[in-house]
Amino acid sequence: MQKIFKLLFFNFLFFVFLIIISELIFTIYYKNKINCLYILCDIKYKYHNNLYEPFGKVTYKRDEFGFRGRFKDIDKIDIIVVGGSTTDERLLNLEDTWSEQLQKKINVSEKLNIDIVNAGIDGQSSFGHIWNFNNWFNKIENLNFNYIIFYIGLNESFTGTKFDLNAKDLRFFEKIKIIIKKNNGLIFRLYALYQKYFTDKNINYGINTSDKKFKVNYKFLNNKEIITKKNFLNNLEKLYKLSLTYNFTPIFISQRSSRWELKDGKVYTMNEENFYLKEKNISEALMNFCNRKNLICVDLFNNLNLKRSDTYDLMHLNPKGASKVADIVYKKIKDKLIFNK
């Protein structure tokens, strides 16, 4: 029995040793390659939409570089849009996303043929957008575009999250998961292959919050001051400088959600968190930053008349809400963009 135990123990140690060596080899090999398992390069998923009309199938595709909606060569892209799930818009068909609708409005109205490419990643905040420059865009040979749009606000946590591959405030095992994901090594690649080929992506989920039967229990909150953290302003400065380093012209857009309502000068929010003040303060900080830098910016927080019926979960837009965003952004930036006709 003791011999069997020793044999199993040493075999286990040998197996762990092989895994560690393989992880190191894969990490070194893929060091200068795109982390396609995080960015979701070259994938095609199908979802069943039960969240908004018209109900049916949604097809979600990203190309070999991790971009959505690209039709031009990689060195001829006109605009890249960066953001979280409200940019990625995974549960909308490509033609329904606000970035694609913006592209259509510009091309039809201005008689152009520009390519607006979607580089949104679910859950990312400004911390993740900085990661994109240092670990994604810089690894794509000949990547070139004129403008980069940052659609920012709803995901800001001021410290970054696991969606940004930030392990700072996570528990031990969660940190290990992030380290494995960032390493882009053997373990993560095997897990991602399993996810890609052996899990069902025809998912039926979510709550249709535009349905009249759905009730939102907004609670009245007194206006409590929420201080915008310096981290957010520091990240804006980094994004601005990174854009200039890559010779991209930055455009910043603030966001708003339907997680709150204003009635008779009073704030009503979904729970104890004052979403109104959080979104308002982030938007004001962003607009003040834009004004100081004399940048092209769009204040959607104050200019977007967002209704519950424009979203499918109070945060993410349905095609009608996406059209509203595209329309406002188009009107605000159309006279400031310069392209060769």
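Two strands are taken to pair if DSSP finds at least two bridges between them, and the elements themselves are DSSP runs numbered from the N terminus, helices being H or I runs of at least four residues and strands E runs of at least two. The structure is a predicted model, in which local features need pLDDT of at least 70 and side-chain atom pairs count only at pLDDT 80 or more, whereas totals for chains, interfaces and linings use all residues. Residues are numbered from 1 along each chain as its sequence is written, and side-chain values use heavy atoms, with hydrogens and water left out.

Strands β8 (residues 260-263) and β9 run antiparallel and are joined by four bridges. One of the residues of β8, W260, has T269 as its bridge partner in β9. The two strands form a hairpin with two residues between them, and D264 there adopts a positive phi near 55 degrees. In a regular strand, side chains alternate between the two faces of the sheet. Strand β9 (residues 266-269) has V267 and T269 on a covered face and K266 and Y268 on an uncovered one. T269 is thus named both as the bridge partner of W260 and as part of the covered face.

Two disulfides are present in the structure, a disulfide being a pair of cysteine sulfur atoms within 2.5 Å. Counted along the chain, the bonded cysteines follow the pattern 1-2, 3-4. In the link of C36 and C41, the sulfur atoms lie 2.2 Å apart, and the value of -80 degrees about the S-S bond makes this link left-handed. Accessibility was classed by relative accessible area (buried, under 20%; exposed, over 50%; partly exposed, in between; 1.4 Å probe, protein chains only). C36 counts as partly exposed because its relative accessibility is 25%, while C41, with a relative accessible area of 8%, is buried. The sulfur atoms of C290 and C297 are 1.9 Å apart in their disulfide. The torsion about the S-S bond of C290 and C297 is about -85 degrees, so this disulfide is left-handed. Both C290 and C297 are buried.

S125 is located in the loop between β4 (116-118) and α5 (126-135). S125 counts as buried because its relative accessibility is 1%. With residues up to four places away in sequence not counted, S125 touches N155, E156, G160 and D164, where contact means heavy atoms within 4.5 Å.

Internal space was examined on a 1 Å grid over the protein atoms alone, a cavity being a set of points where a 1.4 Å probe fits but cannot get out, and lining residues having an atom within 4 Å of a point. Grid points are joined across faces, edges and corners, and a volume is the space filled by probe spheres set on the points. The structure holds four cavities of 30 Å³ or more, and the largest has a volume of about 70 Å³. The largest cavity is lined by 14 residues, of which G84, Q124, L154, N155 and Q255 are the closest to its centre. Helix α3 (85-88) and strand β5 (147-152) each contribute at least two residues to this lining.

For the class counts, Ala, Val, Leu, Ile, Met, Phe, Trp, Tyr, Cys and Pro are nonpolar, Asp, Glu, Lys and Arg are charged, and the others, Gly among them, are polar. The lining of the largest cavity has four nonpolar, nine polar and one charged residues. The second largest cavity holds about 50 Å³ of space, and its lining divides into seven nonpolar, two polar and one charged residues. Its lining residues include T86, Y151, R256 and M315.

Terms used:
On a 1 Å grid over the protein atoms alone, a cavity is a set of points where a 1.4 Å probe fits but cannot get out, and a pocket is an open set with protein on both sides within 12 Å along at least five of seven lines; lining residues have an atom within 4 Å of a point.
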